[in-house]
Amino acid sequence: MNIANSPDLFSNAVSRHLQIPNGLDGERHAEARRMLAPFFHPPALGALEPTLARIAADLVGGLGEDPFDAVEDLGVVFAVRAASAWLGWRDDLEPELIAWVAEHRAAGCSRHPEQIARSAAGFEGLVRMLIDERRGRPSCDLTGLLMTLRWKGRRITDEEVVSILRNWTGGDLSSLALCVGVAVHWVATNPDHFGHLVASDDAALDRAVDEMLRLDDPFVSNRRIAVSDTVVAGCPVGAGEEIVLDWRAANRDGGVFADPGSFDPDGHGPDNLVYGVGPHVCPGRGLATRQLRILLRAVMTAGRPELIAGHPPVREQPPSAGFRSLPVRLAPQPTALRG
Ligand code: HEM
(Lines give C-alpha, C1' and ligand atoms only; values in the text may rest on other atoms or scores of the structure.)
Protein backbone atom coordinates (compact mmCIF):
# COMPACT_ATOMS: atom_id res chain seq x y z
CA MET A 1 0.00 0.00 0.00
CA ASN A 2 2.88 2.34 0.75
CA ILE A 3 4.25 1.78 -2.75
CA ALA A 4 0.87 2.21 -4.48
CA ASN A 5 0.31 5.37 -2.43
CA SER A 6 3.76 6.88 -3.17
CA PRO A 7 3.68 7.74 -6.90
CA ASP A 8 6.56 10.23 -6.46
CA LEU A 9 8.88 7.42 -5.33
CA PHE A 10 7.52 4.60 -7.52
CA SER A 11 6.74 5.36 -11.16
CA ASN A 12 4.18 3.63 -13.40
CA ALA A 13 6.31 4.13 -16.52
CA VAL A 14 7.05 0.40 -16.73
CA SER A 15 6.27 -0.12 -20.41
CA ARG A 16 7.72 1.38 -23.58
CA HIS A 17 4.17 1.34 -25.05
CA LEU A 18 1.75 4.23 -24.65
CA GLN A 19 -0.58 3.26 -21.77
CA ILE A 20 -3.31 5.75 -20.90
CA PRO A 21 -3.78 6.21 -17.99
CA ASN A 22 -1.85 3.21 -16.54
CA GLY A 23 1.64 4.16 -17.68
CA LEU A 24 1.44 7.86 -16.79
CA ASP A 25 2.73 9.59 -13.68
CA GLY A 26 1.99 12.81 -11.80
CA GLU A 27 -0.04 15.60 -13.35
CA ARG A 28 -0.30 13.91 -16.79
CA HIS A 29 -1.83 10.89 -15.09
CA ALA A 30 -4.23 13.03 -13.03
CA GLU A 31 -5.28 14.91 -16.21
CA ALA A 32 -5.99 11.65 -18.03
CA ARG A 33 -8.04 10.33 -15.10
CA ARG A 34 -10.07 13.58 -15.01
CA MET A 35 -10.65 13.42 -18.77
CA LEU A 36 -11.90 9.81 -18.62
CA ALA A 37 -13.87 9.98 -15.34
CA PRO A 38 -17.22 10.88 -17.02
CA PHE A 39 -17.18 7.52 -18.82
CA PHE A 40 -17.46 5.83 -15.40
CA HIS A 41 -20.00 8.29 -13.94
CA PRO A 42 -22.21 6.19 -11.59
CA PRO A 43 -25.56 7.42 -13.01
CA ALA A 44 -24.39 6.47 -16.53
CA LEU A 45 -23.35 3.03 -15.29
CA GLY A 46 -26.67 2.74 -13.44
CA ALA A 47 -28.48 3.40 -16.73
CA LEU A 48 -26.54 0.50 -18.27
CA GLU A 49 -27.82 -2.00 -15.68
CA PRO A 50 -31.07 -3.02 -17.45
CA THR A 51 -29.04 -3.82 -20.60
CA LEU A 52 -26.55 -5.85 -18.57
CA ALA A 53 -29.43 -7.69 -16.88
CA ARG A 54 -30.95 -8.56 -20.27
CA ILE A 55 -27.59 -9.83 -21.57
CA ALA A 56 -27.10 -11.92 -18.41
CA ALA A 57 -30.64 -13.37 -18.48
CA ASP A 58 -30.37 -14.31 -22.19
CA LEU A 59 -26.99 -15.94 -21.69
CA VAL A 60 -27.89 -17.88 -18.54
CA GLY A 61 -31.29 -18.83 -20.00
CA GLY A 62 -29.51 -20.47 -22.92
CA LEU A 63 -27.37 -22.67 -20.64
CA GLY A 64 -30.26 -24.89 -19.50
CA GLU A 65 -29.51 -27.71 -17.07
CA ASP A 66 -26.54 -29.14 -19.01
CA PRO A 67 -22.95 -28.76 -17.77
CA PHE A 68 -21.08 -25.70 -19.01
CA ASP A 69 -17.75 -24.02 -18.44
CA ALA A 70 -18.27 -21.05 -16.12
CA VAL A 71 -15.18 -19.29 -17.53
CA GLU A 72 -15.39 -19.91 -21.31
CA ASP A 73 -19.14 -20.33 -21.84
CA LEU A 74 -20.28 -17.82 -19.25
CA GLY A 75 -17.51 -15.43 -18.14
CA VAL A 76 -15.86 -14.73 -21.48
CA VAL A 77 -19.11 -14.45 -23.45
CA PHE A 78 -20.70 -12.18 -20.83
CA ALA A 79 -17.56 -10.01 -20.60
CA VAL A 80 -17.52 -9.52 -24.39
CA ARG A 81 -21.26 -8.80 -24.67
CA ALA A 82 -21.27 -6.46 -21.65
CA ALA A 83 -18.22 -4.47 -22.84
CA SER A 84 -19.65 -4.28 -26.38
CA ALA A 85 -22.94 -2.92 -25.02
CA TRP A 86 -21.07 -0.34 -22.92
CA LEU A 87 -18.82 0.81 -25.76
CA GLY A 88 -21.38 0.55 -28.59
CA TRP A 89 -19.55 -2.19 -30.52
CA ARG A 90 -21.36 -4.28 -33.15
CA ASP A 91 -22.80 -7.67 -32.10
CA ASP A 92 -21.22 -9.38 -35.10
CA LEU A 93 -17.73 -8.73 -33.67
CA GLU A 94 -18.46 -11.19 -30.84
CA PRO A 95 -16.72 -14.26 -32.36
CA GLU A 96 -13.63 -12.16 -33.17
CA LEU A 97 -13.52 -10.70 -29.64
CA ILE A 98 -13.99 -14.11 -28.02
CA ALA A 99 -11.16 -15.52 -30.14
CA TRP A 100 -9.04 -12.52 -29.19
CA VAL A 101 -9.63 -13.03 -25.44
CA ALA A 102 -8.45 -16.66 -25.82
CA GLU A 103 -5.34 -15.50 -27.70
CA HIS A 104 -4.67 -12.78 -25.12
CA ARG A 105 -4.96 -15.25 -22.22
CA ALA A 106 -2.66 -17.73 -23.96
CA ALA A 107 -0.13 -14.97 -24.75
CA GLY A 108 -0.15 -13.78 -21.11
CA CYS A 109 0.51 -17.33 -19.87
CA SER A 110 3.25 -17.98 -22.45
CA ARG A 111 5.17 -14.77 -21.54
CA HIS A 112 6.56 -14.91 -25.10
CA PRO A 113 7.14 -11.31 -26.23
CA GLU A 114 6.31 -12.24 -29.86
CA GLN A 115 3.02 -13.89 -28.94
CA ILE A 116 2.12 -10.93 -26.70
CA ALA A 117 2.99 -8.47 -29.51
CA ARG A 118 0.87 -10.48 -32.01
CA SER A 119 -2.11 -10.44 -29.66
CA ALA A 120 -1.71 -6.67 -29.05
CA ALA A 121 -1.48 -6.03 -32.82
CA GLY A 122 -4.66 -8.09 -33.39
CA PHE A 123 -6.54 -5.95 -30.89
CA GLU A 124 -5.16 -2.72 -32.31
CA GLY A 125 -6.33 -3.71 -35.82
CA LEU A 126 -9.84 -4.33 -34.54
CA VAL A 127 -10.04 -1.03 -32.65
CA ARG A 128 -8.63 0.95 -35.60
CA MET A 129 -11.37 -0.54 -37.77
CA LEU A 130 -14.01 0.64 -35.26
CA ILE A 131 -12.44 4.11 -35.22
CA ASP A 132 -12.46 4.28 -39.03
CA GLU A 133 -16.11 3.23 -39.14
CA ARG A 134 -17.00 6.09 -36.80
CA ARG A 135 -14.90 8.56 -38.73
CA GLY A 136 -16.93 7.78 -41.84
CA ARG A 137 -20.21 7.98 -39.93
CA PRO A 138 -19.91 9.83 -36.58
CA SER A 139 -21.60 7.94 -33.76
CA CYS A 140 -22.70 9.02 -30.29
CA ASP A 141 -21.80 5.71 -28.65
CA LEU A 142 -19.02 5.67 -26.04
CA THR A 143 -16.32 4.85 -28.60
CA GLY A 144 -17.49 7.74 -30.81
CA LEU A 145 -17.57 10.11 -27.80
CA LEU A 146 -14.04 9.05 -26.82
CA MET A 147 -12.85 10.10 -30.28
CA THR A 148 -14.15 13.66 -29.72
CA LEU A 149 -12.20 14.29 -26.49
CA ARG A 150 -9.73 17.16 -26.29
CA TRP A 151 -6.51 16.59 -24.39
CA LYS A 152 -3.42 18.76 -24.04
CA GLY A 153 -5.17 21.52 -26.06
CA ARG A 154 -5.89 19.38 -29.15
CA ARG A 155 -8.17 16.60 -30.38
CA ILE A 156 -7.22 13.18 -28.99
CA THR A 157 -5.20 11.08 -31.47
CA ASP A 158 -6.14 7.63 -32.80
CA GLU A 159 -3.13 6.17 -31.03
CA GLU A 160 -4.40 7.57 -27.71
CA VAL A 161 -7.94 6.24 -28.33
CA VAL A 162 -6.50 2.78 -29.08
CA SER A 163 -4.44 2.88 -25.88
CA ILE A 164 -7.45 3.88 -23.73
CA LEU A 165 -9.68 1.21 -25.27
CA ARG A 166 -6.92 -1.36 -24.83
CA ASN A 167 -6.83 -0.60 -21.11
CA TRP A 168 -10.61 -0.69 -20.83
CA THR A 169 -11.06 -3.95 -22.64
CA GLY A 170 -7.73 -5.60 -23.42
CA GLY A 171 -6.91 -7.17 -20.09
CA ASP A 172 -10.24 -6.58 -18.47
CA LEU A 173 -12.30 -8.90 -20.65
CA SER A 174 -10.19 -11.79 -19.40
CA SER A 175 -10.07 -10.35 -15.84
CA LEU A 176 -13.84 -10.21 -15.76
CA ALA A 177 -14.16 -13.75 -17.11
CA LEU A 178 -11.73 -14.97 -14.44
CA CYS A 179 -13.65 -13.07 -11.73
CA VAL A 180 -16.86 -14.82 -12.90
CA GLY A 181 -15.09 -18.17 -12.55
CA VAL A 182 -13.92 -17.37 -9.00
CA ALA A 183 -17.37 -16.16 -7.88
CA VAL A 184 -19.25 -19.12 -9.41
CA HIS A 185 -16.73 -21.53 -7.87
CA TRP A 186 -17.18 -19.95 -4.44
CA VAL A 187 -20.97 -20.24 -4.64
CA ALA A 188 -20.71 -23.85 -5.87
CA THR A 189 -18.37 -24.88 -3.07
CA ASN A 190 -20.19 -22.98 -0.29
CA PRO A 191 -23.80 -24.14 -0.74
CA ASP A 192 -24.75 -23.10 2.81
CA HIS A 193 -24.43 -19.47 1.74
CA PHE A 194 -26.71 -19.81 -1.29
CA GLY A 195 -29.91 -18.76 0.47
CA HIS A 196 -28.55 -15.58 2.02
CA LEU A 197 -26.70 -14.58 -1.18
CA VAL A 198 -29.93 -14.90 -3.17
CA ALA A 199 -31.74 -12.79 -0.58
CA SER A 200 -28.98 -10.11 -0.43
CA ASP A 201 -29.70 -6.62 -1.72
CA ASP A 202 -27.36 -5.15 -4.34
CA ALA A 203 -24.96 -3.52 -1.87
CA ALA A 204 -24.63 -6.71 0.21
CA LEU A 205 -24.12 -8.86 -2.88
CA ASP A 206 -21.42 -6.44 -4.12
CA ARG A 207 -19.60 -6.78 -0.79
CA ALA A 208 -19.93 -10.57 -0.92
CA VAL A 209 -18.46 -10.73 -4.46
CA ASP A 210 -15.58 -8.42 -3.43
CA GLU A 211 -14.85 -10.85 -0.58
CA MET A 212 -14.94 -13.90 -2.90
CA LEU A 213 -12.41 -12.11 -5.12
CA ARG A 214 -10.23 -11.17 -2.14
CA LEU A 215 -10.05 -14.80 -1.08
CA ASP A 216 -8.93 -15.94 -4.55
CA ASP A 217 -7.91 -12.80 -6.46
CA PRO A 218 -7.57 -13.52 -10.20
CA PHE A 219 -6.05 -10.08 -10.88
CA VAL A 220 -2.51 -10.94 -9.91
CA SER A 221 -0.14 -8.00 -9.98
CA ASN A 222 1.06 -4.66 -11.34
CA ARG A 223 4.51 -3.18 -11.61
CA ARG A 224 6.28 0.00 -10.49
CA ILE A 225 9.81 1.36 -11.02
CA ALA A 226 11.76 2.89 -8.16
CA VAL A 227 12.54 6.53 -9.02
CA SER A 228 15.51 6.71 -6.63
CA ASP A 229 17.42 4.41 -4.31
CA THR A 230 15.11 3.41 -1.49
CA VAL A 231 14.19 0.65 0.95
CA VAL A 232 11.02 -1.44 0.71
CA ALA A 233 10.04 -3.44 3.80
CA GLY A 234 13.70 -3.54 4.85
CA CYS A 235 14.92 -4.54 1.39
CA PRO A 236 17.21 -2.11 -0.48
CA VAL A 237 15.88 -1.20 -3.93
CA GLY A 238 18.01 0.68 -6.47
CA ALA A 239 16.75 3.48 -8.73
CA GLY A 240 15.33 1.91 -11.90
CA GLU A 241 14.62 -1.45 -10.27
CA GLU A 242 11.22 -2.97 -10.88
CA ILE A 243 8.82 -3.82 -8.06
CA VAL A 244 5.82 -6.12 -8.32
CA LEU A 245 2.66 -5.26 -6.39
CA ASP A 246 1.33 -8.72 -5.59
CA TRP A 247 -2.40 -8.12 -5.06
CA ARG A 248 -3.04 -11.80 -4.25
CA ALA A 249 -0.53 -11.75 -1.39
CA ALA A 250 -1.73 -8.34 -0.16
CA ASN A 251 -5.30 -9.61 -0.06
CA ARG A 252 -4.32 -12.55 2.16
CA ASP A 253 -1.88 -10.60 4.37
CA GLY A 254 -2.02 -12.14 7.86
CA GLY A 255 -0.77 -8.86 9.34
CA VAL A 256 -3.93 -7.11 8.09
CA PHE A 257 -6.60 -9.81 8.11
CA ALA A 258 -6.73 -11.72 11.43
CA ASP A 259 -8.08 -14.79 9.62
CA PRO A 260 -7.35 -14.19 5.91
CA GLY A 261 -9.11 -17.39 4.77
CA SER A 262 -12.45 -16.61 6.41
CA PHE A 263 -15.43 -15.15 4.53
CA ASP A 264 -16.30 -11.83 6.17
CA PRO A 265 -17.53 -9.31 3.57
CA ASP A 266 -18.27 -6.54 6.08
CA GLY A 267 -15.21 -7.02 8.31
CA HIS A 268 -12.69 -7.42 5.46
CA GLY A 269 -14.24 -4.94 3.02
CA PRO A 270 -12.27 -1.83 4.13
CA ASP A 271 -8.90 -3.62 3.59
CA ASN A 272 -9.87 -5.33 0.32
CA LEU A 273 -7.30 -4.53 -2.41
CA VAL A 274 -8.84 -6.41 -5.35
CA TYR A 275 -9.26 -3.13 -7.27
CA GLY A 276 -5.97 -1.63 -6.04
CA VAL A 277 -5.37 1.55 -4.06
CA GLY A 278 -3.80 5.00 -4.54
CA PRO A 279 -3.91 7.24 -7.61
CA HIS A 280 -3.99 4.26 -10.01
CA VAL A 281 -6.91 2.56 -8.23
CA CYS A 282 -9.18 0.84 -10.76
CA PRO A 283 -11.51 3.36 -12.44
CA GLY A 284 -13.56 0.43 -13.80
CA ARG A 285 -14.52 -0.87 -10.36
CA GLY A 286 -18.12 0.43 -10.54
CA LEU A 287 -18.60 -1.16 -13.96
CA ALA A 288 -16.97 -4.49 -13.05
CA THR A 289 -18.90 -4.66 -9.76
CA ARG A 290 -22.22 -4.13 -11.57
CA GLN A 291 -21.37 -6.68 -14.24
CA LEU A 292 -20.39 -9.34 -11.69
CA ARG A 293 -23.38 -8.75 -9.43
CA ILE A 294 -25.88 -8.79 -12.31
CA LEU A 295 -24.45 -11.97 -13.81
CA LEU A 296 -24.21 -13.78 -10.47
CA ARG A 297 -27.81 -12.86 -9.67
CA ALA A 298 -28.95 -14.21 -13.05
CA VAL A 299 -27.03 -17.44 -12.39
CA MET A 300 -28.50 -17.88 -8.89
CA THR A 301 -32.01 -17.15 -10.17
CA ALA A 302 -31.61 -20.00 -12.68
CA GLY A 303 -30.25 -22.49 -10.13
CA ARG A 304 -27.51 -23.32 -7.65
CA PRO A 305 -24.13 -23.86 -9.35
CA GLU A 306 -22.61 -27.24 -8.56
CA LEU A 307 -19.37 -28.88 -9.65
CA ILE A 308 -19.51 -31.92 -11.95
CA ALA A 309 -18.26 -35.24 -10.53
CA GLY A 310 -15.29 -36.48 -12.56
CA HIS A 311 -14.70 -33.05 -14.17
CA PRO A 312 -12.75 -31.04 -11.58
CA PRO A 313 -11.97 -27.35 -12.06
CA VAL A 314 -8.65 -26.62 -13.78
CA ARG A 315 -6.58 -23.83 -12.26
CA GLU A 316 -4.81 -21.15 -14.30
CA GLN A 317 -1.04 -21.37 -13.88
CA PRO A 318 1.14 -18.46 -12.68
CA PRO A 319 1.52 -15.70 -13.79
CA SER A 320 -2.28 -15.96 -14.14
CA ALA A 321 -4.71 -17.01 -11.42
CA GLY A 322 -8.33 -18.08 -11.07
CA PHE A 323 -9.62 -20.96 -13.19
CA ARG A 324 -8.73 -21.99 -16.71
CA SER A 325 -11.93 -24.00 -16.82
CA LEU A 326 -14.71 -24.58 -14.35
CA PRO A 327 -17.27 -27.21 -15.37
CA VAL A 328 -20.54 -26.66 -13.49
CA ARG A 329 -24.27 -27.14 -13.87
CA LEU A 330 -27.16 -25.18 -12.40
CA ALA A 331 -29.28 -27.30 -10.09
CA PRO A 332 -32.87 -25.98 -10.11
CA GLN A 333 -33.93 -24.63 -6.71
CA PRO A 334 -37.35 -24.32 -5.09
CA THR A 335 -38.95 -21.03 -6.17
CA ALA A 336 -38.85 -19.72 -2.58
CA LEU A 337 -35.04 -19.96 -2.56
CA ARG A 338 -34.66 -18.16 -5.86
CA GLY A 339 -36.18 -15.04 -4.28
C1 HEM B 1 -12.79 -7.34 -13.69
C2 HEM B 1 -12.34 -6.92 -12.55
C3 HEM B 1 -11.24 -5.91 -12.41
C4 HEM B 1 -10.22 -5.98 -11.51
C5 HEM B 1 -10.02 -7.08 -10.48
C6 HEM B 1 -9.39 -4.81 -11.71
C7 HEM B 1 -8.29 -4.53 -10.95
C8 HEM B 1 -7.49 -3.40 -11.11
C9 HEM B 1 -6.36 -3.05 -10.28
C10 HEM B 1 -5.83 -3.87 -9.10
C11 HEM B 1 -5.85 -1.88 -10.74
C12 HEM B 1 -4.66 -1.08 -10.14
C13 HEM B 1 -3.47 -1.14 -11.03
C14 HEM B 1 -2.23 -0.46 -10.45
O15 HEM B 1 -2.22 0.05 -9.33
O16 HEM B 1 -1.22 -0.42 -11.18
C17 HEM B 1 -6.63 -1.51 -11.90
C18 HEM B 1 -6.38 -0.41 -12.69
C19 HEM B 1 -7.09 -0.12 -13.82
N20 HEM B 1 -8.26 -0.72 -14.25
FE21 HEM B 1 -9.17 -2.32 -13.42
N22 HEM B 1 -9.92 -4.07 -12.73
C23 HEM B 1 -11.06 -4.69 -13.19
C24 HEM B 1 -11.92 -4.23 -14.17
C25 HEM B 1 -11.72 -3.10 -14.91
C26 HEM B 1 -12.62 -2.60 -15.92
C27 HEM B 1 -13.98 -3.20 -16.27
C28 HEM B 1 -12.02 -1.50 -16.47
C29 HEM B 1 -12.49 -0.56 -17.55
C30 HEM B 1 -13.56 -0.69 -18.26
C31 HEM B 1 -10.74 -1.31 -15.80
C32 HEM B 1 -9.83 -0.34 -16.12
C33 HEM B 1 -8.67 -0.10 -15.40
C34 HEM B 1 -7.71 0.95 -15.76
C35 HEM B 1 -7.78 1.89 -16.95
C36 HEM B 1 -6.72 0.93 -14.76
C37 HEM B 1 -5.49 1.83 -14.66
C38 HEM B 1 -5.81 3.03 -13.82
C39 HEM B 1 -4.65 3.99 -13.67
O40 HEM B 1 -3.50 3.60 -13.91
O41 HEM B 1 -4.90 5.15 -13.29
N42 HEM B 1 -10.61 -2.29 -14.86
N43 HEM B 1 -7.63 -2.44 -12.09
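Here is a quick tour of the ligand site and of one buried acidic residue in this predicted model.

Let's start with the ligand. A shell of 26 residues surrounds it, and the closest are His-29, Arg-33, Arg-224, His-280 and Cys-282. By residue type, the shell splits into 15 nonpolar, eight polar and three charged.

Three of those side chains put a polar atom close to a ligand oxygen, as listed here:

| Side chain | Distance from its N or O atom to a ligand oxygen |
|---|---|
| His-29 | 2.6 Å |
| Arg-33 | 2.7 Å |
| Arg-224 | 2.8 Å |

As for secondary structure, the elements that give two or more residues to the shell are helix H1 (26-36), helix H7 (158-189), strand S5 (221-226) and helix H12 (285-302). H7 supplies the largest share, with six residues.

Then there's the iron. Which protein atom serves as its donor? The single one is SG of Cys-282, 2.4 Å away. Cys-282 sits in the loop between helix H11 (265-268) and H12.

Now over to Asp-210, which is part of helix H9 (residues 202-215). Is Asp-210 buried or exposed? It counts as buried, because its relative accessibility is 13% and the cut-off for buried is under 20%. Its side chain has a polar partner too: the side chain of Arg-285, at 2.8 Å. Setting aside neighbours within four places in sequence, Asp-210 is in contact with Asn-272, Val-274, Tyr-275 and that same Arg-285.

How values were computed
Residues are numbered from 1 along each chain as its sequence is written. This is a predicted model: local features need pLDDT of at least 70, side-chain atom pairs count only at pLDDT 80 or more; totals for chains, interfaces and linings use all residues. Side-chain values use heavy atoms; hydrogens and water are left out. A residue is near a molecule or strand if one of its heavy atoms lies within 4 Å of it. A polar contact is a pair of N or O atoms within 3.5 Å; within protein, one must be able to donate a hydrogen and the other to accept it, and residues adjacent in sequence count only if both atoms are side-chain atoms. Helices (H or I, at least four residues) and strands (E, at least two) are DSSP runs, numbered from the N terminus. Ala, Val, Leu, Ile, Met, Phe, Trp, Tyr, Cys and Pro count as nonpolar, Asp, Glu, Lys and Arg as charged, and the others, Gly among them, as polar. Donors are N, O and S atoms within 2.8 Å of the metal (3.2 Å for Na, K and Ca); water is not among the atoms, so sites may look incomplete. Buried means under 20% relative accessible area, exposed over 50%, partly exposed in between (1.4 Å probe, protein chains only). Contact means heavy atoms within 4.5 Å.
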